[in-house]
Each structure stands twice: as C-alpha cells, then as structure tokens.
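Please open the model in your viewer and have the selection tool ready, since this tour moves from one selection to the next and says what is found at each stop.

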Amino acid sequence: RYPPAAISMFIEEVGVDPRAGDGGAGYRARVAELVSAGRAFARFEGDQVVFKAEIGALSSRVGQIQGVWVHPACRGRGLGTAGTAAVVERLAGMNRVSSLYVNGFNHVARASYTRIGFTQIASFSTILF
C-alpha cells in the first residue's frame, strides 16, 4: 500500500512518473530500501495511506526528510504537519538535526514546516535532465 502513495507523491512533486524507463524497478527498489531501513513513515486510515514521508539521506548529524505527502482527499486536516513533526521527533531521538527542502511555490507545505519550527536558510534550484 505504500508504493502507490510514493508514486503519487513523486508525480505531484516532480511532474515525472518514476515508473518511466525501467517500469519502476529502480524506484520500487529505493522505496523498499527505505522501508526496510525503518526510514519510511506512513499513517493509514483503514487500508489507505493518508500521510507518508521518508528520511532519505542520513548522516551522523543530520537526517533529510523527503517525500512528504498527504492523500488529496485528506488535505487540510493537519496530517502533514503532525506527520512531519513525528519524523522530526524520531530524528531528534536519534540525535540528528532535521533538514528538508520544499518547492518555493508550495505555500501550504512551507506554512506547515514553519509551524513545526523549520526556518529557511538557503534557496536552491533543482534541474531535471
């Protein structure tokens, strides 16, 4: 049930279907790696994933939160804020600082991250090729 949510997030965020090219084998392998490492988080309501996020990169001091997504039918209920805050707490329990990046146009996510306590420290551009 987790991979379809991850695919939906990727398509919404990046605008590209991660199954293109290799039928999704590479993306499924990466998602499976994060799940097996205990770095994928989800909230379920019944059989439906309503929130997901991962800790993508992890060093001895920092964990990068990525892939934050809330099911479209469940948006506006605070699930993204609560779920992301729970991942931040998990990283703090591992003595790691939380890091993430968000698209500048994603005002809802930016407001959510501000409520959790994140502050912007830099701006980047992502180039897909």
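Begin by selecting strand β4, residues 97-100, which gives the most to the lining of the second largest pocket, with four residues. What you have on screen is a predicted model, so please keep that in mind at every stop. Now add β3 and α4 to the selection, because like β4 they each supply at least two residues of the lining of this second largest pocket, where elements are helices and strands taken as DSSP runs. To find the middle of the second largest pocket, pick Leu100, Tyr101, Val102, Gln120 and Ala122, which lie nearest its centre among the 22 residues that line it. The space in the second largest pocket comes to about 670 Å³, and if you colour its lining by class you should find 10 nonpolar residues, 11 polar residues and one charged residue.

Next, keep strand β3, residues 62-70, selected, and turn to the largest pocket, whose volume is about 1,100 Å³. Which element gives the most to the lining of the largest pocket? That is β3, with seven residues, while the elements that give two or more residues to this lining are α1, α2, β3, α3 and α4. The lining of the largest pocket is made up of 39 residues, and to centre your view you can pick Met9, Glu13, Gly67, Val68 and Asn106, which lie nearest its centre. Coloured by class, the lining of the largest pocket shows 20 nonpolar, 12 polar and seven charged residues.

Now hide the strands and select two of the helices, α1 at residues 2-14 and α2 at residues 25-36, which pack at an angle of about 120 degrees with their axes 11 Å apart. Helices α1 and α2 are therefore oblique to each other, and their crossing is right-handed. To see where they touch, show the side chains of Tyr2, Ala6, Ile7, Met9 and Phe10 on α1, together with Tyr27, Val31 and Val35 on α2. The contact of α1 with α2 has eight nonpolar residues, with no polar and no charged ones.

For the next stop, select α3, residues 79-93, and α4, residues 107-116. How do the axes of α3 and α4 cross, and within what distance do they come? They cross at roughly 50 degrees and come within 9 Å, which makes α3 oblique to α4. The crossing of α3 and α4 is right-handed. On the α3 side the contact is made by Gly80, Thr81, Thr84, Ala85 and Val88, and on the α4 side by Ser112, Tyr113, Arg115 and Ile116. By class, the contact of α3 with α4 has four nonpolar, four polar and one charged residues.

Finish by selecting arginine 39, which lies in the loop between α2 and β1. Add glycine 56 and draw a line between the two C-alpha atoms, since arginine 39 and glycine 56 are 17 residues apart in sequence and 7.3 Å apart in space. Leaving aside neighbours within four places in sequence, arginine 39 is in contact with Arg30, Leu34, Ala53, Glu54, Ile55, Gly56, Ala57 and Leu58.

Definitions and conventions
Residues numbered from 1 in each chain as written. Predicted model: local features only at pLDDT ≥ 70, side-chain atom pairs only at ≥ 80, totals over all residues. Heavy atoms only, no water. Axes fitted to C-alpha atoms, helices over the stretch in contact; angles between N-to-C directions. Parallel < 35°, antiparallel > 145°, perpendicular 65-115°, else oblique. Left-handed = near helix turned anticlockwise from the far one by under 90°. Contact = heavy atoms within 4.5 Å. Nonpolar A, V, L, I, M, F, W, Y, C, P; charged D, E, K, R; others polar. 1 Å grid on protein atoms, 1.4 Å probe; cavity = no way out; pocket = protein on both sides within 12 Å on 5 of 7 lines; lining within 4 Å. Points joined across faces, edges and corners; volume = space filled by probe spheres on them.
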